[in-house]
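Open the model in your viewer and keep the selection box at hand. Each stop below says what to pick and what is there.

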Amino acid sequence: MTDASVVADALRNSRLVDLSQTLEEHMPNFPTHSKFFHDLWGSYWHGGRALTYQLVMNEHSGTHVDAPAHFISDAKPQAHVTIDQVPLARMIG
């Protein structure tokens, strides 16, 4: 059975809850991490061709998943699991 079919089976009888967090200035962040900023980069109001923003954020801003490798050093290669190696079925609780 593939990861996708395991996830599909789990979802059939589940209720989904959106836990995503809106990225916005002044959102909570860990004290030692940089804050989230979005700055107007270009706009049609100022003669640009589109409305665009530059985003500056820490990789831990908002909703995210920390892979096991985030906390385990390379000294334990068997436990150094990156996010692409975590089975999709482990992302449902």
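Select asparagine 58 and histidine 60. The side chain of asparagine 58 reaches the backbone nitrogen of histidine 60 at 2.7 Å. Such a polar contact is a pair of N or O atoms within 3.5 Å; within protein, one must be able to donate a hydrogen and the other to accept it, and residues adjacent in sequence count only if both atoms are side-chain atoms. Asparagine 58 sits in the segment after E2. Helices (H or I, at least four residues) and strands (E, at least two) are DSSP runs, numbered from the N terminus.

Is asparagine 58 buried or exposed? Asparagine 58 counts as buried, because its relative accessibility is 16%. The cut-offs are under 20% relative accessible area for buried, over 50% for exposed, and partly exposed in between (1.4 Å probe, protein chains only). Now add His33 and Ser34: asparagine 58 touches them, not counting residues up to four places away in sequence. Contact means heavy atoms within 4.5 Å.

A word on the ground rules. This is a predicted model, where local features need pLDDT of at least 70, side-chain atom pairs count only at pLDDT 80 or more, and totals for chains, interfaces and linings use all residues. Residues are numbered from 1 along each chain as its sequence is written, and side-chain values use heavy atoms, with hydrogens and water left out.

Color by pLDDT, the predictor's confidence in each residue, from 0 to 100. The chain mean is 84, and 99% of residues reach 70 or more. Among the elements, E2 has the highest mean (94) and H1 the lowest (81).

Next, pick threonine 63, also in the segment after E2. Which residues does threonine 63 contact, leaving aside its neighbours within four places in sequence? They are Leu19, Ser20 and Gln21. Show the polar atoms. A side-chain polar atom of threonine 63 lies 2.5 Å from the backbone nitrogen of glutamine 21. The backbone oxygen of leucine 19 is 3.4 Å from a polar atom of the threonine 63 side chain. Threonine 63 is partly exposed, because its relative accessibility is 47%. Then measure to methionine 1: 62 residues away in sequence, 29 Å in space, C-alpha to C-alpha.

Move to helix H1 (residues 3-12) and select aspartate 9 and arginine 12, three residues apart, about one turn of the helix. Their side chains meet in a salt bridge (2.3 Å, N to O). The term means a side-chain nitrogen of Lys or Arg within 4 Å of a carboxyl oxygen of Asp or Glu. The structure holds one. Side chains of opposite charge can pair when their charged atoms come close. At 37% relative accessibility, aspartate 9 is partly exposed; arginine 12, at 58%, is exposed.

Go on to histidine 26, in the loop between H1 and E1. Check its phi: near 70°, a positive value in a residue other than glycine. Most residues other than glycine have a negative phi. Histidine 26 is exposed, with 80% relative accessible area.

Proline 28 is in the loop between H1 and strand E1 (37-42). Proline 28 counts as exposed, because its relative accessibility is 66%. A C-alpha line from proline 28 to alanine 79 spans 30 Å, with the two positions 51 residues apart in sequence numbering.

Last stop: methionine 91, in the segment after strand E2 (52-56). Methionine 91 is partly exposed, at 40% relative accessibility.
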